[in-house]
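I am opening this notebook to record, step by step, what I looked up in the structure. The entries go from a single residue outward to the strands, the helices and the whole chain.

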Amino acid sequence: MNLDTTSPEKNAPARPASTAGTPTQPGWTEGPAGVRMAPDSSQRPLHLGVGHIPMSQRVWHNALMTMDHLLTRKLADKWIGPMRKKHLARVMAHLEKRGPGTLYPIDRRRDLTPEQFHREYLLRGIPVVLEGAAKEWGCCKKWSLKYFAEHYGEDKVTVAQGYPQHQAGGPKNYILMKDVLDNKNSDNMKYLRFHPMLALHPELTADFPYEWFKRHKKRWHLYSHMQFFIGTKGTTTGTHDSQMCNLFVMVHGEKTWYLHPTNYTAFMDPPTTRSVFRLGRHNTGKVFEDPYRVLDGYKVHLKQGDILWNPPFYWHSVENLTDTIGVGFRWNDKRLAMQQHFTMFMLDWLAIDPSWFYMCKVGRDETRRMLGKGGSGKNLSTPST
Ligand SMILES: [Fe+2]
């Protein structure tokens, strides 16, 4: 693939000078599907993807998403389906004119104070890795696949293909924790995601400094979850987003994350499922889909002890490079979500599978149980509920 951008295609929107780079410059390489890999963040704009999809296309896409959400499924498929398909082709054609996109390294910061994190990254909706911030925590020192096999191997758990277990749509399996840990074929149906492990086993909360998360999220929030992920090498989660803020702790092992900004939502074109969770249109379960070659984004390598800030509605996909354990502290900050994407924020109020109100109830209950402050546990997504 020709990666030379020194002579942009005629009629193509000009790439900002700050993102120009060619393989002849030291360190630039070619990534998956021909996307360009920047060697460092020196040429990275503050916000990725700004203006890459014209305002008119973004407004039209928001209108289509809204109409789709409000119609019955049958009418939406008949009336809106073909329009969305044509629209997506137009967005794709526009992005193709820019040439290959660029994947940048993410900022990796050590010793960032909560105030700096809040000001420089959280409020701006810019992802960052807090390098080694959790290295000394009990979870990073103690937890391993062997530890969970020994202590919780007989737990019944719910695994779902790319969906959180709370969503009615999508295949689900009910298996034992030890089957998750014995997944030698990278079977994504044996990758345990979004699991309320700390609510089910509050003794594990002692390995997490909960106060640290409270200091870093800063603002008041309506509800939160501590979601647990455990999977063997090679398992993946395809591209998706939600309005939850996420501070993701890499407890054990290593992962690759690809992050694509909310600015590309008209490209991601999530099929309307009337859910507070959305999958990208191109999602086949892989960590990087070929059409993403035209997008700018981040490639993130998370190592044990790192904490990733993933802003609301940021599109992301994940691959386990080794056997891994991760925990996401996810909280609901309505102001931040509204700033990131107003239409998806509004549609979330109307979601029914599951509804935002249901997730709020689940999150509050999980947190109470996790902190040993009661909680009914009725909505925990275990096979028995
Ligand atoms: Fe996610």
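Entry one, a tryptophan. I began with the surroundings of W257, bearing in mind that this is a predicted model. Leaving aside residues up to four places away in sequence, I found that W257 touches V300, L302, L308, H316 and V318. I then asked myself whether W257 is buried or exposed. W257 counts as buried because 23 C-beta neighbours lie inside 10 Å, where 20 or more are required. I also looked up a pair that is distant in sequence: W257 and S317 are 60 residues apart along the chain, yet their C-alpha atoms are separated by 5.7 Å.

Entry two, the strands around that residue. W257 lies in strand β12, which covers residues 255-260 and runs antiparallel to β14, with five bridges joining the two. Looking along this pairing, I noted that W257 stands opposite V300 in β14, and V300 is also among the residues that W257 touches. Strand β14 (residues 297-302) pairs in turn with β3, here in the parallel sense and over three bridges. One pair of bridge partners that I wrote down is P105 with K299 in β14. Going one step further, I found that β3 (residues 102-105) pairs with strand β2 (residues 36-37), again in the parallel sense, over two bridges. In that pairing R36 stands opposite T102 of β3.

Entry three, an open sheet. Which order do the strands of the open sheet follow? I read the order as β4-β5-β15-β11-β17-β9-β8, seven strands in an open sheet whose pairing is mixed. At the edges are β4 (108-109) and β8 (192-195), each of which pairs on one side only. I followed the β4 edge inward and found that β4 pairs with strand β5 (residues 128-130) in the parallel sense over two bridges, with R109 standing opposite L130 in β5.

Entry four, two helices. I turned next to helix α1 (residues 55-70) and helix α2 (residues 73-97), whose axes come within 10 Å and cross at roughly 160 degrees. Since angles over 145 degrees count as roughly antiparallel, α1 and α2 are therefore roughly antiparallel to each other. Their crossing is left-handed. From α1 the contact is made by Q57, W60, H61, L64, M67 and D68, and from α2 by A76, I80, M83, R84, H87, R90, V91 and H94. Sorting the contact between α1 and α2 by class, I recorded seven nonpolar, four polar and three charged residues.

Entry five, the protein as a whole. I closed with the overall figures, starting with twelve helices and 17 strands in the protein. Of the 385 residues in the protein, 44% are buried, and W257 is one that counts as buried. Finally, I looked at how far along the chain the contacts reach: among contacts with a separation of 6 or more, 79% are between residues 24 or more positions apart.

Notes:
Residues numbered from 1 in each chain as written. Predicted model: local features only at pLDDT ≥ 70, side-chain atom pairs only at ≥ 80, totals over all residues. Pairing = 2+ DSSP bridges. Buried ≥ 20, exposed ≤ 12 C-beta atoms within 10 Å, placed from the backbone. Contact = placed C-beta atoms within 7 Å. Axes fitted to C-alpha atoms, helices over the stretch in contact; angles between N-to-C directions. Parallel < 35°, antiparallel > 145°, perpendicular 65-115°, else oblique. Left-handed = near helix turned anticlockwise from the far one by under 90°. Nonpolar A, V, L, I, M, F, W, Y, C, P; charged D, E, K, R; others polar.
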